[in-house]
Amino acid sequence: MRKLSISSSPHHHIRRDTGQVMRMVCYACIPGILANIWFFGFGILIQLALAIATALITEGLILELRKKRTERILKDYSAVLTAVLLAISIPPLAPWWVIVIGTFFSIAVVKQLYGGLGFNMFNPAMAGYVLLLVSFPVAMTSWLPPQSIAEQSYSFYDAVHTVFTGFTTTGFSIEQLKVGYDGITMATPLDHVKTSLLQGYTVSEAQQHLILDGAFGKGWTWVALAYLAGGLFLIKTKVINWHIPGSMLFGALILSLLFYMVDPDQFASPVFHLFNGSLILGAFFIATDPVSASTTNKGRLIFGFAIGVWIIVIRNWGGYPDAVAFAVLIMNMAVPLIDYYTQPRTYGHKKTAGKSS
(Lines give C-alpha, C1' and ligand atoms only; values in the text may rest on other atoms or scores of the structure.)
Protein backbone atom coordinates (compact mmCIF):
# COMPACT_ATOMS: atom_id res chain seq x y z
CA MET A 1 0.00 0.00 0.00
CA ARG A 2 1.44 3.36 -1.05
CA LYS A 3 1.96 5.99 1.62
CA LEU A 4 0.31 9.37 1.28
CA SER A 5 2.97 12.07 0.88
CA ILE A 6 2.15 15.56 2.14
CA SER A 7 4.24 18.40 0.70
CA SER A 8 4.17 22.16 0.64
CA SER A 9 3.56 24.35 -2.39
CA PRO A 10 4.23 24.79 -5.24
CA HIS A 11 1.76 22.14 -6.43
CA HIS A 12 1.59 21.24 -10.12
CA HIS A 13 -1.00 19.19 -11.97
CA ILE A 14 1.55 17.87 -14.46
CA ARG A 15 4.02 15.03 -14.05
CA ARG A 16 7.09 17.17 -13.60
CA ASP A 17 9.03 17.72 -10.43
CA THR A 18 9.91 21.19 -9.17
CA GLY A 19 13.41 21.04 -10.66
CA GLN A 20 12.09 20.32 -14.15
CA VAL A 21 9.59 23.17 -13.95
CA MET A 22 12.19 25.67 -12.73
CA ARG A 23 14.65 24.61 -15.44
CA MET A 24 12.03 25.01 -18.16
CA VAL A 25 11.28 28.55 -16.98
CA CYS A 26 15.02 29.30 -17.10
CA TYR A 27 15.21 27.87 -20.64
CA ALA A 28 12.24 30.01 -21.69
CA CYS A 29 14.22 33.12 -20.63
CA ILE A 30 16.97 32.35 -23.16
CA PRO A 31 15.37 34.16 -26.16
CA GLY A 32 14.98 37.33 -24.09
CA ILE A 33 18.54 37.06 -22.76
CA LEU A 34 19.93 36.64 -26.29
CA ALA A 35 17.93 39.64 -27.51
CA ASN A 36 19.23 41.65 -24.56
CA ILE A 37 22.82 40.73 -25.45
CA TRP A 38 22.26 41.65 -29.11
CA PHE A 39 20.89 45.13 -28.34
CA PHE A 40 22.54 46.03 -25.02
CA GLY A 41 25.80 44.07 -24.89
CA PHE A 42 27.33 41.35 -22.77
CA GLY A 43 26.75 42.85 -19.34
CA ILE A 44 23.74 40.66 -18.65
CA LEU A 45 25.98 37.56 -18.79
CA ILE A 46 28.15 38.92 -15.99
CA GLN A 47 25.07 39.70 -13.89
CA LEU A 48 23.71 36.19 -14.48
CA ALA A 49 26.96 34.54 -13.43
CA LEU A 50 27.24 36.64 -10.26
CA ALA A 51 23.59 36.16 -9.35
CA ILE A 52 23.57 32.37 -9.82
CA ALA A 53 26.82 31.93 -7.87
CA THR A 54 25.53 34.13 -5.02
CA ALA A 55 22.17 32.35 -4.93
CA LEU A 56 23.66 28.85 -4.77
CA ILE A 57 26.28 29.75 -2.16
CA THR A 58 23.77 31.61 0.01
CA GLU A 59 21.14 28.88 -0.16
CA GLY A 60 23.71 26.15 0.41
CA LEU A 61 25.12 27.82 3.53
CA ILE A 62 21.68 28.50 5.00
CA LEU A 63 20.54 24.93 4.34
CA GLU A 64 23.66 23.64 6.08
CA LEU A 65 22.90 25.85 9.09
CA ARG A 66 19.31 24.58 9.12
CA LYS A 67 20.58 20.99 8.76
CA LYS A 68 18.50 20.40 5.63
CA ARG A 69 19.26 18.09 2.72
CA THR A 70 21.40 20.61 0.85
CA GLU A 71 22.08 18.71 -2.37
CA ARG A 72 18.46 17.70 -2.96
CA ILE A 73 17.09 21.19 -2.34
CA LEU A 74 19.73 22.93 -4.46
CA LYS A 75 18.79 20.65 -7.35
CA ASP A 76 15.25 22.06 -7.44
CA TYR A 77 16.69 25.09 -9.32
CA SER A 78 14.42 27.53 -7.50
CA ALA A 79 17.44 29.53 -6.31
CA VAL A 80 18.83 29.58 -9.85
CA LEU A 81 15.52 30.84 -11.25
CA THR A 82 15.35 33.61 -8.63
CA ALA A 83 18.89 34.63 -9.59
CA VAL A 84 18.06 34.63 -13.32
CA LEU A 85 14.92 36.76 -12.88
CA LEU A 86 16.74 39.30 -10.74
CA ALA A 87 19.77 39.45 -13.05
CA ILE A 88 17.69 40.15 -16.17
CA SER A 89 15.78 42.88 -14.33
CA ILE A 90 18.72 45.15 -13.44
CA PRO A 91 20.97 47.28 -15.70
CA PRO A 92 23.56 45.11 -17.49
CA LEU A 93 26.54 47.10 -16.20
CA ALA A 94 25.38 47.67 -12.62
CA PRO A 95 28.28 47.31 -10.13
CA TRP A 96 28.96 43.74 -9.01
CA TRP A 97 27.94 44.40 -5.41
CA VAL A 98 24.43 45.43 -6.50
CA ILE A 99 23.47 41.99 -7.82
CA VAL A 100 25.27 40.26 -4.93
CA ILE A 101 23.32 42.24 -2.31
CA GLY A 102 20.01 41.80 -4.15
CA THR A 103 20.43 38.07 -4.65
CA PHE A 104 21.56 37.50 -1.06
CA PHE A 105 18.50 39.37 0.22
CA SER A 106 16.17 37.45 -2.11
CA ILE A 107 17.44 34.06 -1.00
CA ALA A 108 18.42 34.59 2.65
CA VAL A 109 15.63 36.91 3.79
CA VAL A 110 12.67 36.66 1.43
CA LYS A 111 12.89 32.91 0.81
CA GLN A 112 14.79 31.09 3.56
CA LEU A 113 13.75 33.30 6.48
CA TYR A 114 10.17 32.30 5.76
CA GLY A 115 11.05 28.60 5.67
CA GLY A 116 12.25 27.99 2.11
CA LEU A 117 10.47 27.19 -1.14
CA GLY A 118 6.72 26.97 -0.66
CA PHE A 119 6.57 29.19 2.42
CA ASN A 120 7.68 32.60 1.16
CA MET A 121 4.88 35.17 0.95
CA PHE A 122 6.60 37.47 -1.55
CA ASN A 123 8.23 36.85 -4.90
CA PRO A 124 11.94 36.69 -3.92
CA ALA A 125 13.32 38.22 -7.13
CA MET A 126 10.94 41.19 -7.04
CA ALA A 127 11.51 41.81 -3.33
CA GLY A 128 15.24 41.87 -4.02
CA TYR A 129 14.70 44.20 -6.97
CA VAL A 130 12.68 46.68 -4.90
CA LEU A 131 15.33 46.64 -2.16
CA LEU A 132 17.97 47.55 -4.74
CA LEU A 133 15.83 50.17 -6.46
CA VAL A 134 15.03 51.97 -3.20
CA SER A 135 18.55 51.64 -1.75
CA PHE A 136 20.67 52.28 -4.86
CA PRO A 137 18.56 54.32 -7.31
CA VAL A 138 21.51 55.66 -9.33
CA ALA A 139 23.00 52.22 -10.00
CA MET A 140 19.57 50.74 -10.73
CA THR A 141 18.71 53.37 -13.35
CA SER A 142 21.98 53.19 -15.30
CA TRP A 143 20.46 51.60 -18.39
CA LEU A 144 22.44 51.81 -21.63
CA PRO A 145 21.08 52.82 -25.04
CA PRO A 146 20.85 50.14 -27.74
CA GLN A 147 24.28 49.60 -29.26
CA SER A 148 23.02 50.78 -32.65
CA ILE A 149 22.61 54.35 -31.35
CA ALA A 150 25.27 54.37 -28.61
CA GLU A 151 28.25 56.67 -28.99
CA GLN A 152 30.56 54.11 -27.40
CA SER A 153 30.40 50.34 -27.92
CA TYR A 154 31.89 47.84 -25.51
CA SER A 155 33.17 44.26 -25.65
CA PHE A 156 32.73 41.33 -23.28
CA TYR A 157 36.00 42.22 -21.54
CA ASP A 158 34.80 45.82 -21.23
CA ALA A 159 31.61 44.53 -19.60
CA VAL A 160 33.58 42.50 -17.04
CA HIS A 161 35.90 45.43 -16.33
CA THR A 162 33.01 47.90 -15.97
CA VAL A 163 30.97 45.71 -13.63
CA PHE A 164 33.94 45.28 -11.29
CA THR A 165 35.67 48.68 -11.61
CA GLY A 166 33.11 51.12 -13.05
CA PHE A 167 35.17 51.72 -16.20
CA THR A 168 35.80 49.95 -19.50
CA THR A 169 39.29 48.78 -20.44
CA THR A 170 39.67 52.02 -22.43
CA GLY A 171 38.60 54.21 -19.49
CA PHE A 172 34.97 55.03 -20.32
CA SER A 173 32.60 55.29 -17.36
CA ILE A 174 29.00 54.08 -17.30
CA GLU A 175 27.82 57.69 -17.68
CA GLN A 176 29.83 57.98 -20.88
CA LEU A 177 28.47 54.68 -22.17
CA LYS A 178 24.92 56.00 -21.60
CA VAL A 179 25.42 58.72 -24.22
CA GLY A 180 23.83 58.29 -27.66
CA TYR A 181 25.46 59.34 -30.90
CA ASP A 182 23.55 62.64 -30.68
CA GLY A 183 25.57 63.48 -27.54
CA ILE A 184 22.53 63.20 -25.24
CA THR A 185 22.44 60.84 -22.26
CA MET A 186 19.97 58.07 -22.96
CA ALA A 187 17.23 56.74 -20.67
CA THR A 188 14.74 53.91 -21.01
CA PRO A 189 11.65 54.68 -23.13
CA LEU A 190 9.43 54.65 -20.03
CA ASP A 191 11.73 56.97 -18.11
CA HIS A 192 12.12 59.33 -21.06
CA VAL A 193 8.37 59.69 -21.64
CA LYS A 194 7.67 60.14 -17.92
CA THR A 195 10.34 62.84 -17.60
CA SER A 196 9.15 64.58 -20.76
CA LEU A 197 5.58 64.76 -19.46
CA LEU A 198 6.81 66.36 -16.24
CA GLN A 199 8.64 68.95 -18.37
CA GLY A 200 5.44 69.89 -20.21
CA TYR A 201 5.82 67.88 -23.42
CA THR A 202 3.03 65.73 -24.83
CA VAL A 203 3.35 61.98 -25.31
CA SER A 204 3.62 62.34 -29.10
CA GLU A 205 6.40 64.91 -28.71
CA ALA A 206 8.25 62.68 -26.26
CA GLN A 207 8.03 59.75 -28.68
CA GLN A 208 10.01 61.66 -31.30
CA HIS A 209 13.16 60.98 -29.27
CA LEU A 210 16.03 58.98 -30.75
CA ILE A 211 15.44 56.02 -28.44
CA LEU A 212 11.86 55.59 -29.66
CA ASP A 213 10.28 54.70 -32.99
CA GLY A 214 6.86 56.12 -32.21
CA ALA A 215 5.41 53.82 -29.55
CA PHE A 216 8.20 51.28 -29.91
CA GLY A 217 11.43 51.53 -27.98
CA LYS A 218 14.51 50.70 -30.04
CA GLY A 219 15.78 47.36 -28.83
CA TRP A 220 13.31 47.18 -25.95
CA THR A 221 10.46 46.04 -28.19
CA TRP A 222 12.46 43.11 -29.57
CA VAL A 223 13.50 42.06 -26.07
CA ALA A 224 9.83 42.13 -25.02
CA LEU A 225 8.85 40.04 -28.05
CA ALA A 226 11.58 37.51 -27.22
CA TYR A 227 10.22 37.12 -23.69
CA LEU A 228 6.72 36.83 -25.15
CA ALA A 229 7.91 33.89 -27.26
CA GLY A 230 9.37 32.25 -24.15
CA GLY A 231 6.17 32.88 -22.21
CA LEU A 232 4.00 31.32 -24.91
CA PHE A 233 6.31 28.29 -24.85
CA LEU A 234 5.64 27.93 -21.12
CA ILE A 235 1.88 28.03 -21.70
CA LYS A 236 2.07 25.54 -24.58
CA THR A 237 4.08 23.08 -22.49
CA LYS A 238 1.68 23.63 -19.54
CA VAL A 239 4.44 24.83 -17.24
CA ILE A 240 2.16 27.80 -16.49
CA ASN A 241 -1.48 28.41 -17.37
CA TRP A 242 -2.85 31.41 -19.21
CA HIS A 243 -4.90 32.94 -16.40
CA ILE A 244 -2.30 35.21 -14.77
CA PRO A 245 -0.44 36.47 -17.88
CA GLY A 246 -3.69 36.83 -19.84
CA SER A 247 -5.53 38.77 -17.13
CA MET A 248 -2.47 40.84 -16.26
CA LEU A 249 -1.96 41.98 -19.85
CA PHE A 250 -5.69 42.57 -20.24
CA GLY A 251 -5.84 44.68 -17.05
CA ALA A 252 -2.87 46.81 -18.16
CA LEU A 253 -4.12 47.22 -21.73
CA ILE A 254 -7.74 48.03 -20.88
CA LEU A 255 -6.81 50.69 -18.29
CA SER A 256 -4.12 52.26 -20.48
CA LEU A 257 -6.64 52.32 -23.36
CA LEU A 258 -9.20 54.14 -21.21
CA PHE A 259 -6.64 56.75 -20.15
CA TYR A 260 -5.38 57.12 -23.72
CA MET A 261 -8.92 57.69 -25.01
CA VAL A 262 -9.50 60.38 -22.37
CA ASP A 263 -6.27 62.32 -23.03
CA PRO A 264 -3.76 60.97 -25.60
CA ASP A 265 -1.46 63.94 -24.95
CA GLN A 266 -0.86 62.95 -21.33
CA PHE A 267 -1.28 59.16 -21.39
CA ALA A 268 0.68 56.76 -23.57
CA SER A 269 -1.04 54.20 -25.77
CA PRO A 270 -1.56 50.54 -24.78
CA VAL A 271 1.03 49.53 -27.40
CA PHE A 272 3.64 51.73 -25.74
CA HIS A 273 2.96 50.19 -22.32
CA LEU A 274 2.97 46.65 -23.70
CA PHE A 275 6.28 46.76 -25.56
CA ASN A 276 8.34 48.92 -23.20
CA GLY A 277 9.53 48.07 -19.73
CA SER A 278 9.06 44.67 -18.14
CA LEU A 279 5.30 44.16 -18.54
CA ILE A 280 5.61 41.04 -20.71
CA LEU A 281 8.50 39.65 -18.65
CA GLY A 282 6.46 40.20 -15.50
CA ALA A 283 3.29 38.66 -16.92
CA PHE A 284 4.82 35.34 -17.99
CA PHE A 285 7.85 34.85 -15.73
CA ILE A 286 7.35 36.80 -12.50
CA ALA A 287 3.66 37.05 -11.60
CA THR A 288 3.22 33.34 -12.38
CA ASP A 289 5.44 32.28 -9.47
CA PRO A 290 3.46 29.28 -8.12
CA VAL A 291 4.34 30.02 -4.49
CA SER A 292 3.45 33.69 -4.13
CA ALA A 293 0.56 33.82 -6.64
CA SER A 294 -3.07 32.84 -6.16
CA THR A 295 -3.79 29.11 -6.30
CA THR A 296 -7.27 29.05 -7.87
CA ASN A 297 -8.14 29.84 -11.47
CA LYS A 298 -10.66 32.52 -10.49
CA GLY A 299 -8.14 33.91 -8.01
CA ARG A 300 -5.42 33.97 -10.67
CA LEU A 301 -7.64 36.04 -12.94
CA ILE A 302 -8.23 38.56 -10.15
CA PHE A 303 -4.57 38.50 -9.11
CA GLY A 304 -3.25 39.08 -12.65
CA PHE A 305 -5.83 41.73 -13.55
CA ALA A 306 -5.08 43.72 -10.40
CA ILE A 307 -1.32 43.60 -11.10
CA GLY A 308 -1.94 44.97 -14.59
CA VAL A 309 -4.06 47.81 -13.17
CA TRP A 310 -1.46 48.67 -10.53
CA ILE A 311 1.27 48.80 -13.18
CA ILE A 312 -0.54 51.43 -15.23
CA VAL A 313 -1.51 53.45 -12.14
CA ILE A 314 2.07 53.52 -10.82
CA ARG A 315 3.58 54.20 -14.25
CA ASN A 316 1.36 57.24 -14.65
CA TRP A 317 1.37 58.68 -11.13
CA GLY A 318 4.10 56.90 -9.19
CA GLY A 319 7.67 57.98 -8.64
CA TYR A 320 9.18 55.23 -10.80
CA PRO A 321 8.82 54.76 -14.57
CA ASP A 322 8.18 51.00 -14.38
CA ALA A 323 6.08 49.30 -11.75
CA VAL A 324 6.00 45.53 -12.25
CA ALA A 325 7.92 44.73 -9.05
CA PHE A 326 5.81 47.03 -6.89
CA ALA A 327 2.55 45.76 -8.41
CA VAL A 328 3.52 42.10 -7.90
CA LEU A 329 4.50 42.65 -4.25
CA ILE A 330 1.29 44.56 -3.53
CA MET A 331 -0.79 41.71 -4.88
CA ASN A 332 1.36 39.07 -3.13
CA MET A 333 0.01 40.56 0.10
CA ALA A 334 -3.54 40.15 -1.16
CA VAL A 335 -3.18 36.47 -2.16
CA PRO A 336 -4.49 34.95 1.13
CA LEU A 337 -7.64 37.07 0.89
CA ILE A 338 -8.13 36.29 -2.81
CA ASP A 339 -7.70 32.56 -2.21
CA TYR A 340 -10.09 32.64 0.74
CA TYR A 341 -12.93 34.02 -1.38
CA THR A 342 -12.23 32.05 -4.56
CA GLN A 343 -11.80 28.53 -3.20
CA PRO A 344 -14.07 26.10 -5.08
CA ARG A 345 -16.89 24.48 -3.14
CA THR A 346 -16.20 21.12 -1.57
CA TYR A 347 -17.27 18.05 -3.48
CA GLY A 348 -20.84 17.12 -2.50
CA HIS A 349 -21.80 20.65 -1.47
CA LYS A 350 -25.45 21.46 -2.07
CA LYS A 351 -27.95 24.12 -1.12
CA THR A 352 -31.16 23.23 0.66
CA ALA A 353 -34.03 25.57 1.56
CA GLY A 354 -31.98 28.65 0.82
CA LYS A 355 -29.13 27.49 3.10
CA SER A 356 -25.86 25.91 2.17
CA SER A 357 -24.84 22.61 3.69
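Let me begin with Ser269, which, leaving aside residues up to four places away in sequence, touches Ala215 and Tyr260. I should say at once that this is a predicted model, and I will keep that in view as we go along. Ser269 sits in the loop between α14, residues 243-262, and α15, residues 270-275. Is Ser269 buried or exposed? Its relative accessibility is 12%, and because buried means under 20%, Ser269 counts as buried.

Tyr260, one of the two contacts of Ser269, also leads us to the surface, where it joins Phe250, Ile254, Leu257, Leu258, Met261 and Phe305 in making a nonpolar patch of about 650 Å². Which helix gives the most to this nonpolar patch? It is α14, with six residues, and Phe250, for instance, is found in that helix. As a reminder for those new to helices, an α-helix has 3.6 residues a turn, so residues three or four places apart point the same way.

Now please look at helix α16, residues 279-286, where eight of the eight residues are buried, so that the helix is largely enclosed by the rest of the structure. Those buried residues are Leu279, Ile280, Leu281, Gly282, Ala283, Phe284, Phe285 and Ile286.

Finally, let us turn to empty space inside the model. How many cavities of 30 Å³ or more does the structure hold? It holds one, and the volume of the largest cavity is about 40 Å³. The residues lining that largest cavity are Phe40, Leu144, Pro145, Gln147, Ala150, Gln152, Ser153, Tyr154 and Leu177.

How values were computed. Residues are numbered from 1 along each chain as its sequence is written. This is a predicted model: local features need pLDDT of at least 70, side-chain atom pairs count only at pLDDT 80 or more; totals for chains, interfaces and linings use all residues. Side-chain values use heavy atoms; hydrogens and water are left out. Helices (H or I, at least four residues) and strands (E, at least two) are DSSP runs, numbered from the N terminus. Buried means under 20% relative accessible area, exposed over 50%, partly exposed in between (1.4 Å probe, protein chains only). Contact means heavy atoms within 4.5 Å. Patches are made of residues with over 30% relative accessible area and no salt bridge: like charges are joined within 9 Å, nonpolar side chains (Val, Leu, Ile, Met, Phe, Trp, Tyr) within 5 Å. Accessible areas come from the Shrake-Rupley method with a 1.4 Å probe; for residues, only the protein chains shown count as cover. A salt bridge is a side-chain nitrogen of Lys or Arg within 4 Å of a carboxyl oxygen of Asp or Glu. On a 1 Å grid over the protein atoms alone, a cavity is a set of points where a 1.4 Å probe fits but cannot get out, and a pocket is an open set with protein on both sides within 12 Å along at least five of seven lines; lining residues have an atom within 4 Å of a point. Grid points are joined across faces, edges and corners, and a volume is the space filled by probe spheres set on the points.
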